[in-house]
Amino acid sequence: MFVSYLILTLLYLQTAVLARPEGESIGCDDYLGSDKVADKCGICGGDNTGCKVVSGVFKHTLTNLGYHKIVEIPEGAIKINITEMSKSNNYLALRSRSGRSIINGNWAIDRPGRYEGGGTTFTYKRPNEISSTAGESFLADGPTDEILDVYMIHQQPNPGILYEYIIPEANVISPQLPPHRRPGEPFNGQLERTDGTDHEDENLHRETDTHTGQSRGTFPVIQPGRFPSHQPDNQVPAVQPPRRNREHNWKQVGTTECTTSCGKGLRYPIFHCVNRISHEEVSESYCDTSTKPTPEEEACNIFPCPAFWDIGEWSECSKTCGLGMQHRQVLCRQVYANRTLMVQQYRCHHLEKPETTSTCQLKICSEWQIQTEWSSCSVPCGVGQRTRDVKCVSNLGDIVDDEECNMKLRPNDIENCDMGPCAKSWFLTEWSDRCSAECGAGVRTRSVVCMTNHVSSLPLEGCGNNRPSETIPCDNGPCVGKVEWFAGSWSQCSIECGSGTQQREVICIRKTEGSFDVLNPYECSFLERPPSQQPCYLKPCGAKWFNTEWSTCSKSCEGGFRVREVRCLSDDLTPSNQCDPQLKPEEKEPCNTQDCVPEIDENCKDKYYNCNVVVQARLCVYTYYKTACCASCTKVANRQLGFLGRR
């Protein structure tokens, strides 16, 4: 893609150099080497006297929120620019004199974009809220066909509004630049002669379409240096000598507009019937239609299109009222051969990247209003509450849902109120149903509390010293001969720290006069037995070392080793680093350090006296000698195993 782009660019530069001798440029009058430029009125070679520039700055101090008129744009104005001098929370608005809202009307904030109104198109810009300090703006080329009014939606101090537009003078021709044409074409009805030769068929008058205002049969706007090469019309091929004897013939007067302004498009030649003598265009019936050339397509604007920012639609505003945020996607794209490709963003660095986030405000938020005064306190004495009505009211005065207002700024509609101390009384519960003893003397209980009495008419004083009794005696009869469980006292905790257990003796007894008898536990089985064991916790132990069991020794003799895992754990058995390193148990230790003693087999004996010769000859590998000299061969084999183990 990059190589194709480079080749097309070089072709474009080469063509441009060939079309501009000695680097000369084309002026606004379409002549090569001309230095004429359009003035601010849009007139080629003008002196800025053909129009009137109206400009100023609106800096009035405003107090009331809402719409305030800034300036009136008259009918026929061009080059309209309305710009906020710095960023603010205010908004620009535009309305026609007939009352039709064009931008930001009826308390609704529109998104940045293009809006039709007053016979022209306005571009509404709202720079990024965070990274830009520029304010809002309206831009339009004009001309307007009616009077337009510019307003400001005032919400904070006015930073100043710059306005500027141009009014063309009544006696000045419409400031339109002449259309581009090929060398040798007529300009303003006059024929251009470059070499003194009669360029026949070229002093053609252009017709203007009364509906569009555009010249029919004119050429597309051609960049300087991009004139297509063609053969001069006065050079007639020798194979058509009868053409000079005709009174009318076909003349190529131009080409159609290129289908694209860049990136390789197509165009076709345009042929008209003209008088060979007067060079005037006539009806096609004067020419032989069978001899009219067939238009053949030709490539045009083959240079690559510059990369551009493809701007997506704005997302919805993040808030239904007040200032919010909206987002959009911005991608760098490039067009070539009727294809739009997404390219790296550095290719769009020649253009300012449009903002991807922007502030938005659909409408001005409503505000809180206190509708009533505080009510009376809810209690005659002591601490109670009082209330008032708080409503959310729109900017039009209507009561709306609370969600329309900022809940963080909502005034309190309820608060505590203290009406002074109240009288106090004794409050009692009912007596308990059960006696504290199953037999013999016991008590029944109730709760007694002194509390504030909100409904009493007693003087404002305390409960006094006459506290009602909380216990009452009760007796369920004598305890002689009654079977019950007897529990002794708890033993000490099984450990000095951490979680342990306590024990106690629980026996079944029968009470008698002044003593008791120990019974078989079976006698008390119908009663719930008290627990004989319970957990205990004296104090936290802190972190301690924990270890696993030793592993199996790596060797059975002549020194091996065994290992275990050691960890420091806290009271809740989670890893800790609070253990004393000096008390850490060993993680590895030697084992089985005794020498290896071969097992003696009474059946393994040497059958010959010279078995040492068998060993020296290394014949123990054979079954016969290993059996005949069993003791000698076994001794040698154990010696070799010990040697390999030490290695």
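A salt bridge here is a side-chain nitrogen of Lys or Arg within 4 Å of a carboxyl oxygen of Asp or Glu. Arg126 and Glu136 meet that description, since their side chains come together in a salt bridge with an N to O distance of 3.1 Å. The model under discussion is predicted, and its chain of 647 residues contains 4 helices and 37 strands. The points below cover the chain as a whole, its salt bridges, one open sheet and one nonpolar surface patch.

**The chain as a whole**

- Of the 647 residues in the chain, 31% count as buried.
- Among the contacts in the chain with a separation of 6 or more, 65% are accounted for by residues that lie 24 or more positions apart.
- The accessible surface of the chain amounts to about 42,400 Å², and carbon and sulfur atoms contribute 51% of that surface.

**The salt bridge between Arg126 and Glu136**

- The structure holds 15 salt bridges, one of which joins the side chains of Arg126 and Glu136 at 3.1 Å, N to O.
- Arg126 and Glu136 both lie in the loop between strand S7 (120-125) and strand S8 (137-140), so the pair ties together parts of the chain that are 10 residues apart in sequence.
- Both partners, Arg126 and Glu136, are buried.

**The salt bridges of Lys69, Glu72, Arg97 and Asp149**

- Asp149 forms a salt bridge with Arg97, in which the closest N and O atoms are 3.0 Å apart.
- This pair links distant parts of the chain, with Asp149 placed in strand S9 (residues 148-154) and Arg97 in the loop between strand S4 (91-96) and strand S5 (101-103), 52 residues apart.
- Asp149 is buried, with a relative accessible area of 5%, whereas Arg97, with a relative accessible area of 43%, is partly exposed.
- Glu72 and Lys69 also meet through their side chains in a salt bridge, with an N to O distance of 3.9 Å, a value that falls within the 4 Å cut-off.
- Glu72 is partly exposed at a relative accessible area of 35%, and Lys69 likewise counts as partly exposed, at 39% relative accessibility.
- Through salt bridges that share partners, Lys69, Glu72, Arg97 and Asp149 are joined into one network.

**An open sheet of three strands**

- An open sheet is formed by 3 strands in the order S15-S17-S18, and the pairing is antiparallel.
- Strand S15 (308-311) and strand S18 (339-342) stand at the edges of this sheet with a single partner strand each, so one side of each is left without a neighbour in the sheet.
- From one strand to the next, the twist averages 50°.
- Strand S17 (residues 330-336) is joined to S18 by 4 bridges, and these two strands run antiparallel.
- Within this part of the sheet, Gln334 stands opposite Leu341 in S18.

**A nonpolar surface patch**

- Tyr608, Val621, Tyr622, Tyr624 and Tyr625 make a nonpolar surface patch of about 580 Å².
- Tyr608, one of the residues of this patch, lies in the loop between strand S37 (588-591) and helix H2 (611-616).
- At 43% relative accessibility, Tyr608 counts as partly exposed, and this value satisfies the requirement that residues of a patch have over 30% relative accessible area.

How values were computed. Residues numbered from 1 in each chain as written. Predicted model: local features only at pLDDT ≥ 70, side-chain atom pairs only at ≥ 80, totals over all residues. Heavy atoms only, no water. Buried < 20%, exposed > 50% of the residue type's maximum accessible area, 1.4 Å probe, protein only. Contact = heavy atoms within 4.5 Å. Areas by Shrake-Rupley, 256 points an atom, 1.4 Å probe, with all protein chains shown as cover. Pairing = 2+ DSSP bridges. Axes fitted to C-alpha atoms, helices over the stretch in contact; angles between N-to-C directions. Patch = residues over 30% accessible without salt bridge, like charges linked within 9 Å, V, L, I, M, F, W, Y side chains within 5 Å.
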